[in-house]
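This report looks at pockets and aromatic contacts in a protein model. Please read it alongside the sequence and the coordinates.

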Amino acid sequence: DFSIDPQPGAEYFLTVRARQREAKGLVEAGWEAAAEQFLLPYYTKEKSVAATSFPKMKREETETAITVVGEGFSVAFDKSTGIMTSYKKGEIEFLKIGPIPDFWRAPTDNDFGNNLNKRSRVWRKAGETRKVKSVSLSEQGSTVKIHMQFNLVDEAGTPVATYQSLYTVYGSGDVQVDNHFKMTAEKLPEIVRMGMNLVMPRSFEQITWLGRGPQENYQDRKTGAFVGLYQLAVEEMYYPYVRPQENGNRTDVRWAAITDSAGNGLLFKGMPLLEVTAHHQIMEDFESPVRTVGRFVNGEKVINRHINDVVPRELTSVNIDFKQMGLGGDNSWGAWTHDEYRLTGKEYNYSFLMHPLKAGDNPVEASKVRIF
């Protein structure tokens, strides 16, 4: 018998492992034959903090930019690109490039086998080539809201979808991001990833997360990765496949913190869950262009990349995703990912919270606070 006194914001799991008790033949003592994890029905809501309890903020809007300044933090946006250009706690800058809609991954061997790289190519640069429709600023109660509206276009510049991002800035320095995606063109292919990518300075090289791990995992390859609290160097998130490709994803992430050696950084909290990837490379570093009949795709030269071609950059690239499609693998020469692990919807909504961390902050405790 046991009892649990659930603490606010905490989840409880029971993990059962079957191990070899004594060595027998080639099987060593302690060898794990099976394991399973169960989420227990014990939960108490997170601590709630009213937005009205935070210090007031100042906002400034010009023809080209929006800046919000609060007690010990600042956030800035570029109106022409619809990007968050700065996010600072004190004098520490967290961003090189702010969150940008992202719908693509470096194709896997299975993706090449079923032509996903060609079939869904319209989404490859859709986030980068977005067209800004409008950027508006408003105050609602004790929060500041920046509403971005975009058109997503194909390679010919034809609109294929709309995308909206609503940034709600709180006096605590937290920023909530609410995203809405909707296809507007007919007969569009499935999406490979529904998320956002941002780039932080290279010094943010530690990741701590509450989710599945410690190894990489995907929608259709995750039951062997149990939910837990994990910490790695960002460079350890990279899995060196012989032919570089998509790697390092983590699913069912409650929150993830990307920090420097002192503990400064950003905590990303799912509302409720996220998929997260962090690398010292960008997506193109894992992407191998492929030859089509008689020509190169987009005129690109074929590059047969290998492990030694994947070189760390002076950055930390972070994907904060709603979901990424599964890997498939029934075979690698035509089989598609199973339907339940594909992103075939025409419309998606997802949200996350960005919380600034300073040296000495405990990300576990910071994740347990809900703002209302």
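What follows describes two pockets, then ring pairs and a charge placed over a ring, all in a predicted model.

**Pockets**

The largest pocket holds about 600 Å³ of space. Its lining is made up of 26 residues, of which Gly9, Glu46, Arg254, Lys269 and Ser367 are the closest to the centre. Four elements give two or more residues to this lining, namely strand E16 (226–233), strand E17 (250–259), strand E18 (265–279) and strand E23 (369–371), and E18 supplies the largest share with five residues.

The second largest pocket has a volume of about 480 Å³. Here 32 residues form the lining, and Asp102, Asn197, Met283, Glu284 and Ser317 are the closest to the centre. The elements that contribute two or more residues are strand E9 (97–102), strand E14 (193–200), E18 and strand E21 (316–324), with E9 giving the most, five residues. Strand E18 thus appears in the lists for both pockets.

The classes of the lining residues are set out below.

| Pocket | Nonpolar | Polar | Charged |
|---|---|---|---|
| Largest pocket | 15 residues | five residues | six residues |
| Second largest pocket | 15 residues | nine residues | eight residues |

**Aromatic pairs**

The count of aromatic pairs comes to 14. One of them joins Trp123 and Phe181 in an edge-to-face arrangement, with 5.7 Å from centre to centre and 65° between the planes. Because Trp123 lies in the loop between helix H2 (116–119) and strand E10 (131–140), whereas Phe181 belongs to strand E13 (residues 175–183), this pair ties together parts that are 58 residues apart in sequence. Trp123 and Phe181 are both buried.

How are the rings of Phe181 and Tyr348 arranged relative to each other? Their centres are 6.5 Å apart and their planes stand at 40°, so the pair is tilted. Since Phe181 lies in strand E13 and Tyr348 in strand E22 (residues 347–357), the contact ties together parts that are 167 residues apart in sequence. Phe181 has a relative accessibility of 1% and therefore counts as buried, and Tyr348, at 14%, also counts as buried.

These residues belong to a wider cluster, in which ring pairs link Phe103, Trp123, Tyr163, Phe181, Phe322, Tyr348, Tyr350 and Phe352.

**A charge over a ring**

Apart from the ring pairs, there is a contact between a charged side chain and an aromatic face: Arg119 lies over the face of Trp336, at 3.6 Å from the ring centre.

Key. Residues are numbered from 1 along each chain as its sequence is written. This is a predicted model: local features need pLDDT of at least 70, side-chain atom pairs count only at pLDDT 80 or more; totals for chains, interfaces and linings use all residues. Side-chain values use heavy atoms; hydrogens and water are left out. On a 1 Å grid over the protein atoms alone, a cavity is a set of points where a 1.4 Å probe fits but cannot get out, and a pocket is an open set with protein on both sides within 12 Å along at least five of seven lines; lining residues have an atom within 4 Å of a point. Grid points are joined across faces, edges and corners, and a volume is the space filled by probe spheres set on the points. Ala, Val, Leu, Ile, Met, Phe, Trp, Tyr, Cys and Pro count as nonpolar, Asp, Glu, Lys and Arg as charged, and the others, Gly among them, as polar. Rings of Phe, Tyr and Trp (its six-membered ring) pair if their centres lie within 6.5 Å; planes under 30 degrees apart count as stacked, over 60 as edge-to-face and the rest as tilted. Buried means under 20% relative accessible area, exposed over 50%, partly exposed in between (1.4 Å probe, protein chains only). A charge sits over a ring if NZ of Lys or CZ of Arg is within 6 Å of the ring centre and within 35 degrees of the ring normal.
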